Amino acid sequence: MPQHGLEEAVARLCLQRYKKLPKKGKPISGQWTVLAGLVMQQGEDISNLELISLATGTKCLSGEERLQSVKGTLLNDCHAEVLVRRGFLNWFLNQAKLSAAEKQLVGADNQLAAAKKPYFLQIQQNGKVKLQDGVKFHLYSSHPPCG
């Protein structure tokens, strides 16, 4: 399948999920934000994409906004790409912990662990976590990153 099919599928998945979110916190008329998403793909089949992390954010606050705010009440430089990466790392580390815990379980408890086991990770003999072959991650951003 052509590469643009994958790109469109990743963008569509992120945008559809964003549209399903409640209006609270979304920009109102005259405002804008950047949307970023991180999607996992297993193998070459683009119909089996999974949205892992989704975030919105803007490049930074204006100097006027910062000066008029109470110190410590606003986040500056909340790039959507940075926030989606943080969400992804949190998710990934939790999946690695689940994989490590599953490897230690034996007997009847192993059936429970197998149902929760992250299917895209494997624990190597040395204890390191490795992605299964064919697993890829794709970043979507509604606006080109700066810098």
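Glutamate 81 lies in helix α3 of this protein, and since the model is a predicted one, everything said here about that residue and its surroundings describes a prediction. Glutamate 81 has a relative accessible area of 16% and is therefore classed as buried, because the cut-off for that class is under 20%. When its neighbours within four places in sequence are left aside, glutamate 81 is in contact with Ala36, Ser141, His143 and Pro145. One of these partners, Ala36, leads us into the sheet, because alanine 36 falls within strand β1, which covers residues 34-42.

Before following that lead, it helps to have the whole chain in view. The protein contains four helices and five strands, and, read from the N terminus on, these elements follow one another as α-β-β-α-α-α-β-β-β. Of its 147 residues, 27% count as buried, while the accessible surface comes to about 10,400 Å², with 54% of that surface belonging to carbon and sulfur atoms. If one takes the contacts between residues at least 6 apart in sequence, 56% of them join residues that are at least 24 apart.

We can now return to the sheet. Strands of a sheet pair through backbone hydrogen bonds, and they may do so in a parallel or an antiparallel way. Here three strands form an open sheet, arranged in the order β2-β1-β5, and their pairing is antiparallel. The edges are formed by β2, residues 49-57, and by β5, residues 135-141, each of which pairs on one side only. From one strand to the next, the twist averages 15°.

Strand β1 can be followed through its partners on either side. With β2 it is joined by eight bridges, the two strands running antiparallel, and the individual partners can be traced along them: glutamine 41 has leucine 49 as its bridge partner in β2, methionine 40 has glutamate 50, and alanine 36, the residue already met as a contact of glutamate 81, has alanine 55. These two strands also form a hairpin, with six residues between them, and in the turn glycine 43 has a positive phi of about 75°. With β5, strand β1 pairs over seven bridges, again in the antiparallel sense, and here leucine 38 has leucine 139 as its bridge partner. Strand β1 is also mostly covered, for eight of its nine residues are buried.

The aromatic residues offer another route through the fold. A search of the whole structure finds six aromatic pairs. In one of them, phenylalanine 88 and phenylalanine 137 meet edge-to-face, with 5.0 Å from centre to centre and 65° between the planes. This pair links distant parts of the chain, since phenylalanine 88 belongs to helix α3 (residues 80-104) and phenylalanine 137 to strand β5, with their positions 49 residues apart in the sequence. The two rings fall into separate classes of exposure: phenylalanine 88, at a relative accessible area of 14%, is buried, whereas phenylalanine 137, at 24% relative accessibility, counts as partly exposed, because partly exposed residues are those between the 20% and 50% limits. Ring pairs also gather a wider group, linking Phe88, Trp91, Phe92, Phe120 and Phe137 into a cluster. Another ring has a charged partner, for lysine 26 lies over the face of tyrosine 18, at 4.4 Å from the ring centre.

A last stop is lysine 128, which lies in the loop between β3 (121-123) and β4 (129-131). Lysine 128 has a relative accessible area of 54% and therefore counts as exposed, because that class begins over 50%. Not counting residues up to four places away in sequence, lysine 128 touches Gln122 and Ile123. Lysine 128 and alanine 96 are 32 residues apart in sequence, and in space they are 9.2 Å apart, C-alpha to C-alpha.

Terms used
Residues are numbered from 1 along each chain as its sequence is written. This is a predicted model: local features need pLDDT of at least 70, side-chain atom pairs count only at pLDDT 80 or more; totals for chains, interfaces and linings use all residues. Side-chain values use heavy atoms; hydrogens and water are left out. Two strands pair if DSSP finds at least two bridges between them. Axes are lines fitted to C-alpha atoms, for helices over the stretch in contact, and angles run from 0 to 180 degrees between N-to-C directions. Buried means under 20% relative accessible area, exposed over 50%, partly exposed in between (1.4 Å probe, protein chains only). Contact means heavy atoms within 4.5 Å. Accessible areas come from the Shrake-Rupley method with a 1.4 Å probe; for residues, only the protein chains shown count as cover. Rings of Phe, Tyr and Trp (its six-membered ring) pair if their centres lie within 6.5 Å; planes under 30 degrees apart count as stacked, over 60 as edge-to-face and the rest as tilted. A charge sits over a ring if NZ of Lys or CZ of Arg is within 6 Å of the ring centre and within 35 degrees of the ring normal.
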